[in-house]
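This report describes how the parts of a structure are divided and where they touch. The sequence and model are shown first.

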Amino acid sequence: MKKRLGAVAVVAVALLALAGCSGSGSSAPASADKDQAGTIRVLVANFPANNVGQGVFDQIVKVFHKSYPKVKVESDFVPYDSLNQKISTSLASGQNYDVISAGIGWVQPLADLGAIQDLTKLGITKGDLEKSAYPSFVAPMLWKDDVYAVPVVANPRVLAYSKSAFEKAGLDPDKAPQSLEELREDAKKLTIRDASGNITQTGFDFWAPPSNYRQQFVAFMGALGGQEFTGEKPTFASKAGVDALQLIHDMVTVDKSSTYGYQNSAKTALVTTGEAAMGFASPYVDCSTDQGGIGDKCKDLVYFNLKDKKEVEYVGGRVAAVGEGSKLPQASLAMVKAFQDQKVQEAISKIDVGVPIDKNAGDSAFVKSNPASTFAFKNLDKGVFEYGGATYLDFRAKFGPALDQVILGKAQAQPTLDDLKKVAEGGR
Amino acid sequence: MTSATLAAPRRAERRSARRGSPGIARAKARAGWILLVPALTHSVIFMALPTIIVVGLSLTDARVVGRGDVVWLDNYIELFQDQTFRTALLNTLAYTIVVVPVGMAVALLVALGLNAPIRGRAAYRTLFYIPVVTSAVAVSTVWLWIYNPASGLANEVLAFFGIGRSGWLTDPDIALPALMVIGVWQGLGSKMIIYLAALQGVSQELVEAARLDGANRWQIFWNVTWPALGPVQFFVLVTSIAGSFQVFDLVYVMTQGGPANATNVLTFDIFTNAFSRLQIGYASAETVIMFVFVGVMIYLGRLTQRDRKDY
Amino acid sequence: MTATTEAPPRIPAPSATPPAPQRRRRSRVAPGAIVLSVVLAIGGLLMVVPFVWMILTSLKSLGEVSTFSWLPQSVQWQNYVEAFKAAPFLTYFRNSVIVVVCQTIPLLFIATAAGYALAQLPIRFKGGILTYFILLLGVPFQVLIVPLFIVVRSVPFAGGNDWLGQGGTGWINTWWALIIPFVSAPLYVFLARQFFVSLPPDLADAARMDGLGEIAIFFRIMAPLARPAFVTIALFNVESAWNGFIWPLVATSSEQLRPLQFGLATFAQSSSGQPQWPFLMAISTLATLPMIALFVFGQRYFIAGLASSGIKG
């Protein structure tokens with residue numbers, strides 16, 4: 001039995017070695033080739049599989065076809081949750097995609113796995129990235145100091161408070177909290193309860209279901225000057241991290257200025273629906289009075305950043321990369337660059353609920369269309385991100401439940417973060 | 001083939017049939033294999049073979065198939081030291097031990113009720129079947145509303161009885177029992193159908209004869225209906241155990257294993273290991289362990305069958 | 001025949017007499033029946049709550065979604081039309097129908113034949129083979145998708161593969177990938193077997209004496225007796241094929257092959273981040289209709305004593 005299994009494993013490895021043999025990446029810089037023919041396969045996470053999503057993708061293909069008019073493009077749209085299954089099966093069968101569009105945080109694990117290839121060898125340098133993106137966006141794109149992906153769209157989480165709620169609680173509606181302690185105190189004052197003690201107005205909404213306080217933690221830690229990872233080393237078990245986690249615990253479980261893990265039916269931010277006085281929010285808000293729009297509530301909202309030692313904005317985002325083993329690396333690179341086209345970024349922002357990464361997109365109609373996008377875009381330079389090293393995906397899966405333990409008071413912050421640090425350093 | 005064998009003269013055939021000659025037995029066995037082979041071959045290619053690959057993967061540290069080294073039993077050793085795995089295992093055992101008997105009992109009762117000649121029973125049967133076809137999003141949304149800690153129906157009911165409110169799915173101590181309720185509710189329709197189908201085969205004449213002999217409803221059930229359900233009962237038991245042990249969609253949609261791993265179950269943990277963490281070798285080892293547990297539980301379940309002949 | 005069953009009583013051939021027992025009972029509208037009806041009605045109501053919510057929500061306007069509600073403020077029948085326009089749903093529906101039908105019809109033959117064989121025919125090792133099928137029930141699909149993907153991709157001579165199954169894409173991104181892996185399943189073989197085990201062998205013996213071949217015996221005599229089993233298997237597989245999501249997602253990339261569930265995932269998020277539930281529920285409601293229809297239609301086989309004309313004992 002063992003021999004047979006060993007044989008299967010060997011065969012599998014051999015198969016993959018054979019499959020992955022091609023395409024170690026040409027070193028010539030990308031140039032248009034009007035005669036190149038072939039097909040590239042593009043894996044895109046989170047494009048809605050409807051006419052709108054298809055329309056946006058067609059736009060990207062049009063830009064791509066300017067430089068490679070004869071290369072056909074096959075798209076594969078998958079929800080974010082199933083992205084890894086697609087990558088797993090395609091790598092397992094030796095049929096990696098030519099272009100992969102995933103999220104920030106995926107770059108290092110995929111690079112380590114050999115699923116995406118070195119873009120610097122194909123001709124994109126850090127300097128190129130810095131031409132259009134803020135410096136803070138460059139580090140998450142790197143692996144062993146080479147560029148492995150380009151940023152396309154940013155998905156920030158902004159913060160907002162309600163002016164009227166501030167007034168009612170006796171706070172100055174024109175002053176956002178200037179420190180995390182002040183945020184905590186304000187949240188306490190803003191929490192309104194009914195006779196039986198149930199919250200009717202949340203003081204500070206974290207906008208997180210259970211086991212998903214990760215990004216909020218990164219934001220709080222960032223405000224205290226800390227970072228999740230520095231290079232590939234985990235640095236979240238620092239004083240900033242411990243204090244941030246402790247503060248979240250205090251706000252949720254001690255002050256009870258929010259209900260742990262609570263979300264409304266539509267899973268939208270409570271501060272925009274009026275259920276909370278202050279909290280995390282989406283970088284897009286519909287101020288119309290149409291279906292789904294919040295109309296006049298828009299005027300009541302003030303957007304602000306978490307501030308303490310630093311002023312930060314949590315940013316997630318979409319990246320594009322070239323798959324390892326691609327038979328058409330230059331064409332794939334051109335496709336990746338097509339993702340970066342300004343108009344394309346704007347179109348993707350709409351369906352991604354984000355904002356364009358390009359520094360020069362501030363004038364775009366989309367960014368100017370609503371106060372949340374405008375604010376989010378303006379503060380991209382203060383971005384803090386959730387990403388790490390090769391072990392990032394491992395670590396991320398354990399991160400959420402571990403934070404739960406501390407937030408619910410079942411564990412202490414420092415030892416929990418220390419254990420997580422071990423996972424991030426490569427243990428399991 | 002078989003018809004050629006039976007081309008022998010009829011009289012000789014009848015003699016053979018009465019004596020159960022080897023010719024007939026051979027013909028039956030051959031026909032048996034012919035009828036069995038498609039399903040058997042199919043299962044070998046599409047289920048047994050992938051399972052063997054999984055076992056093979058469990059001996060490697062592959063993150064993705066084909067990229068890893070053989071580490072023999074390291075994964076298994078590590079798993080038993082993994083707190084998350086142990087929690088998932090315990091949660092799964094607890095879930096199965098509760099949902100299987102409760103689910104089966106309720107389904108049987110409902111099927112019995114729906115088998116009685118009452119008016120409109122076709123309509124009632126359809127009602128009980130509907131959760132099986134209701135969109136998963138609708139099911140999860142409504143249950144999330146019921147369990148909503150702020151304004152949900154469940155807390156309103158508790159308040160009505162003067163009991164304090166609960167966090168339900170956001171409370172690590174209550175989340176798993178809360179999911180068990182949904183599990184029973186969801187599993188009802190399918191089990192009920194199987195019981196209903198089986199109840200159709202219970203001889204009405206036997207029931208009538210028993211009734212004429214003065215047996216009351218319970219005696220009729222225990223002596224006529226229950227034994228007739230034997231084979232199907234075994235099926236429901238095995239599939240309930242396997243199904244509950246492999247509960248996934250419910251957790252995936254409602255709680256994602258949280259809060260704090262309180263609803264982390266084996267299949268969800270395997271899924272997390274395989275795809276969220278991209279550690280397919282490790283996840284495969286976990287699958288093998290889970291498989292062993294399911295096998296043991298099915299074996300134990302089989303021991304509860306009153307009539308082993310029906311296995 | 002019915003009087004000569006040995007203990008424990010096995011399920012004899014269904015008698016040809018109509019459900020006469022009912023008429024002999026005097027107290028037909030007994031209080032027991034009323035209580036039962038009430039209990040079943042309440043239980044039934046609890047069962048359909050999400051379904052009712054689904055229908056009601058399909059008639060709401062897009063803005064009513066953020067707070068949970070029951071009745072729509074105003075009935076938006078046009079949601080049903082609008083939802084269809086949002087994505088190529090006719091294609092998705094068509095794909096689901098093709099997959100469901102092409103899986104279920106062969107399945108009904110393959111699985112029941114195997115179940116019958118294991119139940120009634122003297123196959124060597126049949127105990128072991130049954131155990132093998134039962135054990136296969138213990139393997140969760142979530143992990144199997146990766147090896148299954150490899151198997152499906154390595155089908156010799158398909159999709160550009162050579163005789164060893166290398167070099168091409170096999171059945172990936174074709175109808176075969178969606179259908180063939182599911183034309184049989186241990187679950188249904190096991191279910192069929194449990195149904196057939198209770199059928200008396202006397203019927204088959206009588207047919208043998210009449211010169212009927214074994215396989216003909218299965219098709220013409222035993223299978224019709226197991227109609228409830230057929231209906232059950234059909235219902236189960238239709239439901240699981242209709243709702244299948246992860247395998248079609250992984251095994252295909254083309255929209256021309258993807259099923260309904262994939263299209264429904266579309267509505268999970270719109271540009272404002274709010275899910276477009278009314279549309280989602282509208283399509284979901286339509287999606288449940290075939291299955292409910294199948295169930296109602298299959299009810300005919302769920303009435304005792306209505307099975308095919310067996311041999312009068």
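In this predicted model, the contact between chain C and chain B takes 89 residues from chain C and 96 residues from chain B. On the side of chain C that touches chain B, helix H2 (residues 31–58) of chain C gives the most, with 13 residues. By class, this side of chain C has 67 nonpolar residues, together with 18 polar and four charged ones.

Chains A and B each have a domain assignment, set out below.

| Chain | Domain 1 | Domain 2 |
|---|---|---|
| Chain A | residues 36–155 + 316–384 | residues 156–315 + 389–424 |
| Chain B | residues 1–57 | residues 73–310 |

In chain B, the centres of domain 1 and domain 2, taken over C-alpha atoms, are separated by 35 Å.

In chain A, the C-alpha centres of domain 1 and domain 2 lie 28 Å apart. The contact between these two domains of chain A takes 22 residues from domain 1 and 25 residues from domain 2. Which elements of chain A give two or more residues to the side of domain 1 that touches domain 2? They are helix H4 (107–113), strand E6 (150–162), strand E14 (311–322), helix H16 (371–378) and strand E16 (383–384) of chain A. Helix H16 of chain A gives the most to this side of domain 1, with five residues. The residues on the side of domain 1 of chain A that touches domain 2 of chain A divide into ten nonpolar, ten polar and two charged.

Terms used. Residues numbered from 1 in each chain as written. Chains lettered and ligands numbered in written order. Predicted model: local features only at pLDDT ≥ 70, side-chain atom pairs only at ≥ 80, totals over all residues. Domains from an automatic or database assignment. Contact = placed C-beta atoms within 7 Å. Helix = DSSP H or I, 4+ residues; strand = E, 2+ residues; numbered from the N terminus. Nonpolar A, V, L, I, M, F, W, Y, C, P; charged D, E, K, R; others polar.
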